[in-house]
Every structure is written in C-alpha cells, then in structure tokens.
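Here are a few friendly notes to read alongside the model. Keep the 3D view open and look up each residue as you go.

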Amino acid sequence: MRFVSDPPISVKIRKMKQRVRWQDKAITERGIDQTKLVLGDRTPDNPNFSFLVVGDSGAGPQGGHNPQRQVALQMLNHKDSSRFVLHTGDVIYLVGSSEYYYKNFIKPYREFIVGGEHPKKIDYDKMVFNKPFLPVLGNHDYYDLPFIYGLMAQTALPLRRLLQSKLDIDIGWHGSHQGKAYAQAFMDYLKDFEDEKELVRHLDRHYTAKTNSGRCLYYEPGNFTRLPNRYYSFQSGGIDFFALDSNTFNSPLPLSKDLAGIEERHKLEQRRDRLEREKLSYIEESTRLSSANSEQLDDLRTKIEQLDELRNDIDKQLAADETTVVDTEQLDWFANNLIASWQNPEVRGRVVYFHHPPYVTEATKWHQAQTIAVRDRFREVLNKVARELGSLKGDRPLVNLVLNGHAHCLEYLRTGNTGHADAHINWIVCGGSGFSLRRQRNEGVELTETPGGKVNARSLLYIGREGQGSQKRRPYSFLRIDVLDGIPPKFVIRPFVVERFQGKWSNSEIEPFIV
C-alpha cells in the first residue's frame, strides 16, 4: 500500500490557477502581472547584498532532537545582514499537510515571523514574515494521502506497523490537498474573495508596485508577505531572481510500445515490488527498536523515505503516456522573461531556483527519470533563449547560479561543455537543512549522461551523511550568499554546517568560495 500520492500535473496547474484567480478580469483590467513581486523592505537596493538559502527542511523533531531548529538558530546570526531567505522546497514533510505547519515550520522559524514570540497563536494561513521568506514548491508540498489511509489506519497491517514504529514520520490524517496548504500559507489566496468589491480593494491595496510589465505585488515585510503565484520573479541589486515550480515539468517521457518498452515496463514493475517489500521490512524492523535507539531509527527513516522516492519515480515512468502534461506555459514564461532580462541594461546577473536538481551526485538522483526530464526541459529553455539572444550574451553563461533542493545534501557542481546552453553554469544543491541526510554516490564526482560518455558536470563540494556506526556524521546545512558589485557579478558562497555527531551538536563554517 502506498502511503502518499502525487496529483497529476494537470491538476496541480489547474488548482493553483484557481487559487490565485489567474488572469481574472479584475486583474487583467488593472494590468497586473501575477508573476512578479517587488521587495518593499525599505532597504536601499544596494548592488552588494546577502541572502540565505535553505531547503528540504520540513521535518519536526527526530528522536528527541530537531535539526531544522538547530539550522534556524544559526541562520539568526545572519538574519539582520541578509536581505531575504530563499527556500528550495519541501517546506513540510511528509505530505505538506496543514496539520504540521506549526511543528515543522512556524515553531522552528518563529523569529522570522511576526508574532513569533507566541508561535502557537500563529495560524499557518495567516503568517506574515518580518524578513522576506521566498519559497518554491517541493514534491512533498504537493503530496496527499490516499483516502483509504484515513479509513483503514487502525486496521491495515502495513499502516498499523508504521503507527507502531518509532520512526517520527510526520503523517497525519490528510495531505496537502493538492498543494492547497502551501498556497494558503505562502501565496496570495485570491480564491477566498467571494465579493468582487473586496477583491478590487485588495488588488488596489497590495498590487501597487510598478515594473516594465505593469503593476505587480508589493511584498512588504511586517505587513503583507504573500507570493503572487507558484512561479515568480523579483529583482535585488541588479540581479534577476527566477523562482520555478519544477513539479509541473518533471514528467518522464512515455515508455515505447515496442518489445523493448514492454520489457522495460516489466522490469520497472518488478523493481517497484522489491522496493515495497524492502520498505515493509524496514518498518517491521523499526517496531522492534526502542525509542532510545535514535541513531538506528534515523537510519531506517532515511532508507524508507529513499525507497518511497524511488518508487514514486517508477510510478511516474509507468504512468507516463502521450496525454502526460508538461507545463509549457511556465517554461515559455521563463524563456520570455530570461530574454527580457538580458535585453534590460539595468540587469547585471541572473539566479534561478527550483526544487529538482538537473545535476547532482547524491546516491539515488542522477539516473532518476524525473532528474532527466527536468534537465532536458530546463536545457531546452536555455537553448531557446541562447538562439534568440544570438551574440548579445557573448561568452557569458545565461544564468550565473542555479539553486535546487530535493537531494538531501549540500553540493556545488559546475557543468563543462555540455554541447548546450547549460554549459559552464554553477549549480548548488541546498537540500540538507533538516530532513534525513543522504550519502554521495559511489560512482564518483564526474557526471556523464550516457555510459562511457563525456563528462558533462563535476561535483566540487559535497556535504552529506558519511561514516558508519559510531563514526556516522550528520552535517545539516544552509547557505549565506554574498553578492558583490560588478559586471558580471561575483557570488561569495558561504556554507554553514550544523552537525550531529555521537549525540552532540556542533557548528562550523566551510571555507567560502567565489563563483
């Protein structure tokens, strides 16, 4: 039995459009661009500025300790000197449920929220941030629980085993309702306005910023801190930031219908069955452990989550067919706005962030169908933009930095000559900020897209789970990025580590590097 379900891409797109009343008459009449925001933090738009990055943080306390809270406490040392916080997705585990926003988000990040001195009084759908907090959706923020779970939780054997375990897996009685909880927590949930006059007053109050594309949302810390859409852009210090929703362009290509495709389908089905049996064996093992065995329980939780992820990737491959939706509207928006960014002489650099990493050496991700799909579609956009720009970009990469999550680690990679417009780009995975950490793959730091093919990317730094037994290390992480003046801009990457080793916490700063 599956513990989580992932809504179809078409449902994700449709539901999110309804929630922001996409292109409603009252919005289009006012020339409002629902994909942009302006930071109204009353801070001078200095070309030298800093920001923080976290990702895959959305777990609560685990075995009596709380990695996410430890990371948040260290972030506070940089709060006043940073302009905003980016979150690369998976805000709430396991299924993005509103039931867990207090424990898994509000409580650990309370100092970033107005009224945080009394976190229990903060409703998840009424949060106002005192420092811009700008997330993107992760896959877990869209997940749901099958109806049968709530109906059979006390009787179904696999579920009963899970409930009897000591795994601290955050599963309540419902899921995200197809991303609704995230939308209510972070986005401007215009669907709630039943009265047209109230909607108009709201738009005239909060969509007052002016950009080249018209009016847009004015993001004002301490007063109004909503996102206009699930994908959006903003500018700081002459740098354009693009936030994407990779959950709607990560669908694998359909399997072929010839004999090879049939054989591949059979292999995937067999592998899925093996993964399910292995997961149940780990759940069974956890029921025999005492809560005092927190290290072993953490290992089992990591293995179970990893197996669920692999199974979900297989399910996506098996379900893909000619009717599978790809979010071309979002990808076209990104291409057009990236072109406009290059044509704007006031813009000196570009940063893109989304959940699924196109390049990564974490143990399970590189060969996943979703990784391949995201890489191919992101690459297609960059190729299209490069063709349109021609000689305008010169020998500079189209984007200066790509930030991702999904892989539970901190990793810095750089692409070489890929033969495409994603060549010579800096990629940073920041997904180790609170949930179960992952190891680096055994195959090494060089990435090839075909067996024996040319090296397209190389990992230059990896911080994740390592060691065995009493020497096992769990280094959770976040980033401070300092942006320097100049064209092209330079980014000073400052990784910070909060490590749990042999039952004790310690803090450290990794040697900064410049990209």
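1. Let's begin with the lining of the second largest cavity, whose residues divide into three nonpolar, one polar and two charged. You can pick them out by name: M16, K17, W22, N229, R230 and Y231 line this cavity. Please keep in mind that this is a predicted model.

2. How much space lies in the second largest cavity? The answer is about 40 Å³. Searching the whole structure for cavities of 30 Å³ or more turns up two.

3. Next, have a look at the largest nonpolar core, which has 79 residues. The members that touch the most others in this core are F51, Y101, F105, L134, F186, F234 and L403. Try centring your view on F105: leaving aside residues up to four places away in sequence, F105 touches V91, I92, Y100, I113, M127, F129, F133 and F186. Another core, of 35 residues, lies apart from the largest one, and F249, I339, V360 and W427 are among its residues.

4. Now for the cysteines. How many disulfides does a search of the whole structure find? It finds zero. C409 is a good example to check: the nearest cysteine sulfur belongs to C430 and is 9.2 Å away, and C409 is in no disulfide. As a reminder, a disulfide covalently bonds the sulfur atoms of two cysteines.

5. Is C409 buried or exposed? C409 counts as buried because its relative accessible area is 0%. C216 is also worth finding: this residue is buried, with 0% relative accessibility.

Definitions and conventions. Residues are numbered from 1 along each chain as its sequence is written. This is a predicted model: local features need pLDDT of at least 70, side-chain atom pairs count only at pLDDT 80 or more; totals for chains, interfaces and linings use all residues. Side-chain values use heavy atoms; hydrogens and water are left out. A disulfide is a pair of cysteine sulfur atoms within 2.5 Å. Buried means under 20% relative accessible area, exposed over 50%, partly exposed in between (1.4 Å probe, protein chains only). On a 1 Å grid over the protein atoms alone, a cavity is a set of points where a 1.4 Å probe fits but cannot get out, and a pocket is an open set with protein on both sides within 12 Å along at least five of seven lines; lining residues have an atom within 4 Å of a point. Grid points are joined across faces, edges and corners, and a volume is the space filled by probe spheres set on the points. Ala, Val, Leu, Ile, Met, Phe, Trp, Tyr, Cys and Pro count as nonpolar, Asp, Glu, Lys and Arg as charged, and the others, Gly among them, as polar. A nonpolar core is a set of buried Ala, Val, Leu, Ile, Met, Phe, Trp, Tyr and Cys residues joined through side-chain atoms within 4.5 Å. Contact means heavy atoms within 4.5 Å.
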